[in-house]
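Please look through the sequence and the model shown here, and then follow the account below, which moves from a single ring outward to its surroundings.

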Amino acid sequence: MDNQNASPALQNAKDSAYNAMDTVQNHPATQNMRDAVTNGPVADNVRNQSTKTSSEFRNLSAARTSPNKSTATGQPLTHYHSFFYNLLSWENPRATTISFLSTVLFIFAARYLPALRWTFKVLYIVLGCTAAAELGGKLVLSQGLASSFRPKKYYTIPRESLEASLEDVEQLINFFVIEFQRVLFAEKPAHTVAAFVASLISYWLIKFTPIWGLSLIAVSLVYLGPLVYTSNKELIDHQLENATNVVNSQATQVKDLAGHHTSRATSAVRGYAGDYTSKAQNYIGSARGKSPTSPSPANSGAKSGPGSAPAYTSSDFPHAPKQEPLAGVMSHQEQYEKSKFGGQAEAAT
């Protein structure tokens, strides 16, 4: 009797609760609140932002195309060059913001969350439950519970998907390899200088900054640097132009000064070379003048100074004949003796 009387009372309570719920749901205030939430300005703004975000992610994915530009060696660039340029240039601000925040959260998670430990914990819990269910089912039901959920065919990665993934990984690796070489061989000197400054600062920061902190600084600079530049492009370009002009003027002055000193040094060297050449020629001439010469038979006692020709006078040479040769005088000595001082030679007998 008691059970029969309790059953209608319980049923009446359930019906009353359902009626109350229907009354609340169908009340005009509830309908207005639902309309405000689902069809109001807040909901419209959320839907618009969601649509724009999805559109920007599609644009970012479509930007993965090989650019028309090439390297200094003529090699084509990868499609990741276009992708990262589109991402870091803030052309799609919502997608870039989500990417930046996701990267920052990943760095903090890797720092403060024991992700590796949690991975092993999940693994041992899942594998333990699976082993217990399988063994318990075989003991109680003579059939393993885990094996009953086994699929007819294990899942495998399609070859097309695997090849596409490997090709994408290859493009990503080549992106970093190409960019490192472009920076190393100064294809763009400004990029090489920026990389040098970043490496120098990192060298000093790594002494007292942890890896996660250095990674956070690097990610912030990579994402926020282009944003600051695009927001203040005119001012930054003007300052860079002024700095370039100052550097060029200083370089020109240094070049002119170096050319002036070089010309002076060249003139001095040429003067020293001319002096040493003339001195060497004088020494050679003096050495040739000191070479021994045979004495003259007419004046063996004549002396000459070093480096000068021997001195001769008219008395060192015989007088020239003043008359025709005489008949009967056969030798030149006789002719000379007969005609000495203008005398007449005697006739030969």
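In this predicted model, Phe84 has a relative accessibility of 22% and therefore counts as partly exposed, since the buried class is reserved for values under 20%. Phe175, by contrast, has a relative accessible area of 12% and is therefore buried.

These two residues meet through their rings. A pair of aromatic rings is described by the distance of the centres and the angle of the planes. The structure holds 10 aromatic pairs, and one of them is formed by Phe84 and Phe175, whose centres are 5.0 Å apart and whose planes make an angle of 25°, so that the pair falls under the 30 degrees that define stacking. Because Phe84 belongs to helix H4 and Phe175 to helix H8, the pair ties together parts of the structure that are 91 residues apart in sequence. Ring pairs also join Phe84 and Phe175 with Tyr80, Phe83 and Phe176 into a cluster.

How do the two helices that carry this stacked pair lie relative to each other? The axes of H4, which covers residues 79-88, and H8, which covers residues 159-184, come within 8 Å and cross at roughly 80°. Angles of 65 to 115 degrees count as roughly perpendicular, and H4 and H8 are therefore roughly perpendicular to each other. On the side of H4, the contact is made by His79, Tyr80, His81 and Phe84, while H8 contributes Asp168, Gln171, Leu172, Phe175, Ile178, Glu179 and Arg182. Sorted by character, the residues of this contact comprise five nonpolar, three polar and three charged ones.

Elsewhere, a further aromatic pair is formed by Tyr203 and Trp204, in an edge-to-face arrangement with 5.2 Å from centre to centre and 75° between the planes. Trp204 has a relative accessible area of 47%, and for that reason is classed as partly exposed. A ring also takes part in an arrangement with a charged residue, for Arg111 lies over the face of Tyr112, at 4.8 Å from the ring centre.

A last stop is Glu134, which is found in helix H6, spanning residues 115-140. Is this residue buried or exposed? With a relative accessibility of 16%, Glu134 counts as buried. When residues up to four places away in sequence are set aside, Glu134 touches Gly144, Leu145, Ala146 and Ser147.

Key
Residues numbered from 1 in each chain as written. Predicted model: local features only at pLDDT ≥ 70, side-chain atom pairs only at ≥ 80, totals over all residues. Heavy atoms only, no water. Axes fitted to C-alpha atoms, helices over the stretch in contact; angles between N-to-C directions. Helix = DSSP H or I, 4+ residues; strand = E, 2+ residues; numbered from the N terminus. Parallel < 35°, antiparallel > 145°, perpendicular 65-115°, else oblique. Contact = heavy atoms within 4.5 Å. Nonpolar A, V, L, I, M, F, W, Y, C, P; charged D, E, K, R; others polar. Buried < 20%, exposed > 50% of the residue type's maximum accessible area, 1.4 Å probe, protein only. Phe/Tyr/Trp six-rings, centres within 6.5 Å; stacked < 30°, edge-to-face > 60°. Lys NZ or Arg CZ within 6 Å of the ring centre and 35° of its normal.
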